[in-house]
Amino acid sequence: MASTTQAHLPSLGEHQRDEVGNQFQATLVELVDLALAGKQLHWTVTGPLFRPLHEQLDELVDAWRELSDVVAERAVAIGYFPDGQSAAVASGSGLARLERDALEDHVVVRELTGRLADVAERVRERMDRLGEIDAASQDVLIEVVRALEQQLWMIRVQFGHAVVDARARPMGGS
Ligand SMILES: [Fe+2]
């Protein structure tokens with residue numbers, strides 16, 4: 001007889017459960033790491049776009065934390081235990097470390113969009129993979145991809161000019 005913890009799990013094979021769980025784990029650590037990077041940028045941004053970036057970054061951090069919760073809870077719901085602790089994030093997330101320094105607003109936009117675009121692309125690949133295994137789990141990653149791509153669009157239209165303007169500045173100018 002199945003134990004209480006094993007009873008009524010979704011009818012996925014062991015291999016499928018691990019495969020889906022691994023995709024969730026990889027996504028979870030990246031979302032947690034994005035939230036950590038977002039806070040770092042929230043603190044270190046400087047320049048004319050300080051205020052809108054400082055505020056937008058906190059909204060993004062909240063959104064990434066909520067998404068990481070949705071992903072982790074779906075993992076548990078299928079019987080897979082995720083790890084969102086610092087060691088798992090440090091070893092599992094491929095996001096580059098940010099410089100521990102003041103960062104100009106256009107640099108913040110570049111660092112932010114680069115990380116966000118990379119994560120969105122990788123979650124999209126995982127979303128495609130889950131389509132062949134479990135549609136209900138795929139739906140969670142669809143939600144993540146849709147949110148990340150919407151965030152990219154909003155950053156692009158609000159702050160994209162800042163990066164272009166910075167490139168157009170003469171060397172050594174401000
Ligand atoms: Fe703050």
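Biologist: Let's start inside this predicted model. Which residues touch the most other members of the largest nonpolar core?

Modeller: Those are L31, V71, V108 and V144, in a core of 37 residues. Four helices each give two or more residues to this core: α1 (14-44), α2 (50-77), α4 (105-130) and α5 (135-168). The largest share comes from α1, with 10 residues.

Biologist: Take L31, then. What is L31 in contact with, once its neighbours within four places in sequence are left aside?

Modeller: You'll find W64, L67, S68 and V71 there. Notice V71 in that list: V71 is, like L31, one of the residues touching the most other core members.

Biologist: Let me zoom out for a second. How many helices and strands does the chain have, and in what pattern?

Modeller: Five helices and two strands. Going along the sequence, you read α-β-α-α-β-α-α. If you draw a box along the principal axes, the C-alpha atoms fill roughly 70 × 30 × 25 Å. The chain has 174 residues, and 33% of them count as buried.

Biologist: And the contacts between residues at least 6 apart in sequence: what percentage join residues at least 24 apart?

Modeller: That comes to 81%.

Biologist: Now helix packing. What describes two packed helices?

Modeller: You want the angle between their axes and the distance between the axes. Here, try α1 and α4: their axes come within 10 Å and cross at roughly 170°. An angle over 145 degrees counts as roughly antiparallel, so α1 is roughly antiparallel to α4.

Biologist: Which residues in α1 and α4 meet?

Modeller: On the α1 side, look at V20, Q23, A26, T27, E30, L34, A37 and L41. Across from them, α4 brings V108, E111, L112, R115, L116, V119, R122, V123, R126, R129 and L130. By type, the residues of this contact divide into 11 nonpolar, two polar and six charged. V108 turns up again here, having already appeared among the residues that touch the most other core members.

Biologist: One last residue, W153. Does W153 count as buried or exposed?

Modeller: Count C-beta neighbours inside 10 Å: 12 or fewer makes a residue exposed. W153 has 10, so W153 counts as exposed. You'll find W153 in helix α5.

Biologist: How many residues apart along the chain are W153 and T113, and what separates their C-alpha atoms?

Modeller: W153 and T113 are 40 residues apart along the chain, with 9.7 Å between their C-alpha atoms.

Terms used. Residues numbered from 1 in each chain as written. Predicted model: local features only at pLDDT ≥ 70, side-chain atom pairs only at ≥ 80, totals over all residues. Buried ≥ 20, exposed ≤ 12 C-beta atoms within 10 Å, placed from the backbone. Contact = placed C-beta atoms within 7 Å. Core = buried A, V, L, I, M, F, W, Y, C linked by C-beta atoms within 7 Å. Axes fitted to C-alpha atoms, helices over the stretch in contact; angles between N-to-C directions. Parallel < 35°, antiparallel > 145°, perpendicular 65-115°, else oblique. Nonpolar A, V, L, I, M, F, W, Y, C, P; charged D, E, K, R; others polar.
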